[in-house]
Amino acid sequence: MFQEERLLEIKKILQEKKRISIEDICETFTVSRDTARRDLVKLDEQGHIIRTRGGALLPTNQLPVQTYEDRLLAQKTLKDKIGKAATQLIRDGEQVLLDSSTTVQSMIHYWQSTYNKIVTNSVDIASIVTNTYQAEVHILGGVIHPKQRFIYGAKALEQLSQLHFHKLFLGACGVSQIGLSNPYEEEATLLRTMIKQSEQIIVLADHKKFHQQLFHHVCPLESIDIIITDQVPDSVYQELLHDLDIQLIITKGDE
C-alpha cells in the first residue's frame, strides 16, 4: 500500500473515531512504528491532524473550504499562467467541457480558438464566455451550490451522459499518488461523469495541490492525460507521471 493510500484510510478512521494511536496504525496496516510515525508527521504537515503522545487527534476546528470569490482572488498570477497554457491545447471546432474551477475560469481570458461547443457546470464561466466569445455555450441544469457556484445533481448527470467531448479541463483540489480528490461529494460525483464522457482529460493544478488527498476520491491518476502546473513536482511524482505516460506541462517563467 502506498503512503498516500494509508493516509487516506487513516483520515477515514479519524473521521469516525476522532483519534488514532501508533499501535492502531501498525496493527491495521501491518507497518512498523517508524512508518506509522512518518505517516502522522505527513498528516500533521498537511494540517489534517493534531499529533499527540503516541498518536493523533482529528482537529475540531479544521478550516472551511474558501468561498468561490476568495478562491478567485487567491494565486491569481499562477492561475492566469496555467489558464493561458491550457488554451493553447484547444483546436478550432472542438467540443470542450469546463468544470467550475477558478483556475479553469482563468482560461477564458486567453481563449483563441473558434467554432467551439463549450459546456460547463459553472454559472460564472458560462456568463463570461457568452459575453466575450462567439462560441456555442451550454450550461448544465441542476442545483447551484450557494458558496462554490457549481451546478450539480441528477439533471446535470443525465445531461452529461448524453454528450461527448474532445477535451475536459478540470481544476484539482487535491493531487496525490492515488489520484484526484475533492472536498464535495456532489462535485466529485459530477467530475467522475465528466471524465467518463471525455476523450482527453487535462488537469489544471498549481504546485500546492500536490500531496493533497481530500475526502472524496474523483479518479486515479491513470485517468489523466495531461497535468498543467506552475512548478516541477518532486521526483516521486515525476517518476509516477512518467510511468503512467501523463504529459506534464510546466508554466513557471512563462509570460
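These legends walk through close-up views of the strand pairings and helix packing in this predicted model.

Local features are described only where pLDDT is at least 70, side-chain atom pairs count only at pLDDT 80 or more, and totals for chains, interfaces and linings use all residues. Residues are numbered from 1 along each chain as its sequence is written, and side-chain values use heavy atoms, with hydrogens and water left out.

**View 1. The open sheet E1-E3-E2.** Three strands line up here in the order E1-E3-E2, with antiparallel pairing; "pairing" takes at least two DSSP bridges between two strands, and the strands themselves are DSSP runs (E, at least two residues), numbered from the N terminus. At the edges sit strand E1 (19–21) and strand E2 (50–52), each paired on one side only. From one strand to the next, the twist averages 20°; angles like this run from 0 to 180 degrees between N-to-C directions, using axes fitted as lines to C-alpha atoms, for helices over the stretch in contact.

**View 2. E2 against E3, with helix H2.** E2 and strand E3 (residues 55–57) run antiparallel and are joined by 3 bridges. Look for Arg51: its bridge partner in E3 is Ala56. Helix H2 (residues 22–29) packs on this sheet and touches E1 and E3, its direction making about 75° with that of E1. Contact means heavy atoms within 4.5 Å, and a helix is a DSSP run (H or I) of at least four residues.

**View 3. Strand E4 and its parallel partners.** Strand E4 (residues 95–98) pairs with strand E5 (residues 117–120) in the parallel sense, over 4 bridges. E4 also pairs with strand E9 (residues 165–171), again in the parallel sense, over 3 bridges. Leu98 is a handy landmark for both pairings: it stands opposite Thr120 in E5 and opposite Phe169 in E9.

**View 4. The open sheet E10-E11-E13.** This one has 3 strands in the order E10-E11-E13, paired antiparallel. Its edge strands are strand E10 (174–176) and strand E13 (216–219), and each pairs on one side only. Neighbouring strands of the sheet are turned by 35° against each other on average, direction ignored.

**View 5. E10 against E11, with helix H9.** Zooming in, 3 bridges join E10 to strand E11 (residues 179–182), and the two run antiparallel. Val175 stands opposite Leu180 in E11. Helix H9 (residues 185–196) packs on the sheet, where it touches E11 and E13; the direction of H9 makes about 10° with that of E13.
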